[in-house]
Amino acid sequence: MSDDRSLLDLALRIAARASEREDVEAYVTHARNFNVKVYDGEVESLSSAEPRGAGVRVLAGGRVGFAYSTDLSETGLDELVARGRDNARHADPDDAAGLAERADGDSLADLVDDAHAGVAVERKVEFALDVERATRGADRRVRGVEESVYADSDTEVAIASSTGLAGSYRRTDAWCYSIALVTEGDETQVGFDFELGRGLGALDAAALGRRAAERGLRVLGARKIPSTRLPVVFDPYVAGQFLGVLGSALTGEAVQKGRSLFAGRLGEPVASETLTLVDDGRAPGAPGSAPWDGEGVPTQRTEVVRDGVLHSYLYDVRSARREGRASTGNAARAGFSSPPHPAPTNLAFDPTGQSADDVMRSAGRALLVQDFHGVHSGANPVSGDFSVGATGMLLEDGAPTRPVREVTIAAPMLDVLAGIVAVADDRRWLPFGGSYGGATTLVAEMTVAGE
């Protein structure tokens, strides 16, 4: 990898191309990405890429133009800024448009695994094969592994603007997952699980394979239960999925565009008094952590909901300026080819002080959900409707009694939030479509539609 300084120098050279009556922001990234998928003891696919490029925003007269390029020659940079300038001329004016100002933010110490760069490709491939072997060997009923995957990235990011902003950082990430196919008689179930960390050394192939198999084995013999109302326990994976639905409704932009069930509710109770919901862009070890966001604003801990009351939305610069507020450091980018947009960084409920076992015991007779189905069609962050298919286990005094599938759980999202009575201390970060920290979560009551 090139060093952070050379990437920052490149961003500064781009920002210096601003003319007198405009501002220019340069966002530059250099990544090294790796992915290997194995199947039946063989490598099914292997890819390695090293994308490097720059995205530019030009702000002039309240109009913003965006352009990006992988041509980082001096001529290429001239053309890049010229295209951004031309796009700004054709953009609609926006009084809230603006770039972040220079700000001092603390660096983060846990973003890089120093051993990451020295891990050979052969070791990564062998790790993926170890995951598959561990999944297959977990139980005689594991008849196959749909796929096992290991992937990683080593990324440098730099930003600079004519407003005086300048900074850079590097981060490493590694993740893996496995999909087990478990069979008994004529029945087949699927078990999925994953791990993530800053490098391969933080991942455990044996533990991952065992968990993936267990998630499938637990629901062998599952069937419907009679329709009823009862407590529902979300396991960490589905709790993270639920937060993913909420997250899209918690940005200032979503509220301003009328696309949020939380619109107009600042200062009002929206959840149980036991609940605090936090977005923390600096959470140790979390996938979304960074010293600053996609606009160069220092990340922070934002209490979105405190003791059940909605205290803040999540803002980037533009959505914050629309309300005369400061950005909460929640501008996200998919990379140099993406302009910034507001999004959660690391969103999670604060634990309420119990272990996962304690939460399940306190649930009494309840449904433990380990998989949602139809979240994209059955969960609406605008209306608040929440009706999704579920697979899991029926609990009696915290102990599983029988597996359950083909049921639907339903309640308005605000009722779900009002009904959350406990959040365990077993948080797991999910990097899918954002970074969400799911933990074993008890909802006092929901409708379960079955037979």
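Me: Before we look at the helices of this predicted model, what makes two residues count as being in contact?
Reply: Contact means heavy atoms within 4.5 Å.

Me: Which residues of H3 and H4 meet, then?
Reply: On the H3 side they are Phe-127, Asp-130, Val-131, Ala-134 and Thr-135. Their partners in H4 are Ala-205, Ala-206, Leu-208, Gly-209, Arg-210, Ala-212 and Ala-213. Sorted by class, this contact has eight nonpolar, two polar and two charged residues.

Me: Why are H3 and H4 called oblique to each other?
Reply: Happy to walk you through that! Helix H3 spans residues 121–136 and helix H4 residues 205–217, and they pack at an angle of about 40°. Angles under 35 degrees would count as roughly parallel, and 65 to 115 as roughly perpendicular. The angle of about 40° fits neither range, so H3 and H4 are oblique. Their axes are 7 Å apart, and H3 passes H4 in a right-handed crossing.

Me: Now for the largest pocket: how much space lies in it?
Reply: About 1100 Å³. Its lining is made up of 43 residues, and those nearest the centre are Arg-171, Pro-287, Gly-288, Arg-333 and Ala-334.

Me: Which strand gives the most to that lining?
Reply: That is E6, with five residues. Strands E1 (23–39), E5 (142–161), E6 (166–184), E7 (187–197) and E12 (331–332) each supply at least two residues.

Me: How many residues of each class does the lining have?
Reply: There are 19 nonpolar, 19 polar and five charged residues in the lining of the largest pocket. Gly counts as polar here, so Gly-288, one of the residues nearest the centre, belongs to the polar class.

Key
Residues numbered from 1 in each chain as written. Predicted model: local features only at pLDDT ≥ 70, side-chain atom pairs only at ≥ 80, totals over all residues. Heavy atoms only, no water. 1 Å grid on protein atoms, 1.4 Å probe; cavity = no way out; pocket = protein on both sides within 12 Å on 5 of 7 lines; lining within 4 Å. Points joined across faces, edges and corners; volume = space filled by probe spheres on them. Helix = DSSP H or I, 4+ residues; strand = E, 2+ residues; numbered from the N terminus. Axes fitted to C-alpha atoms, helices over the stretch in contact; angles between N-to-C directions. Parallel < 35°, antiparallel > 145°, perpendicular 65-115°, else oblique. Left-handed = near helix turned anticlockwise from the far one by under 90°.
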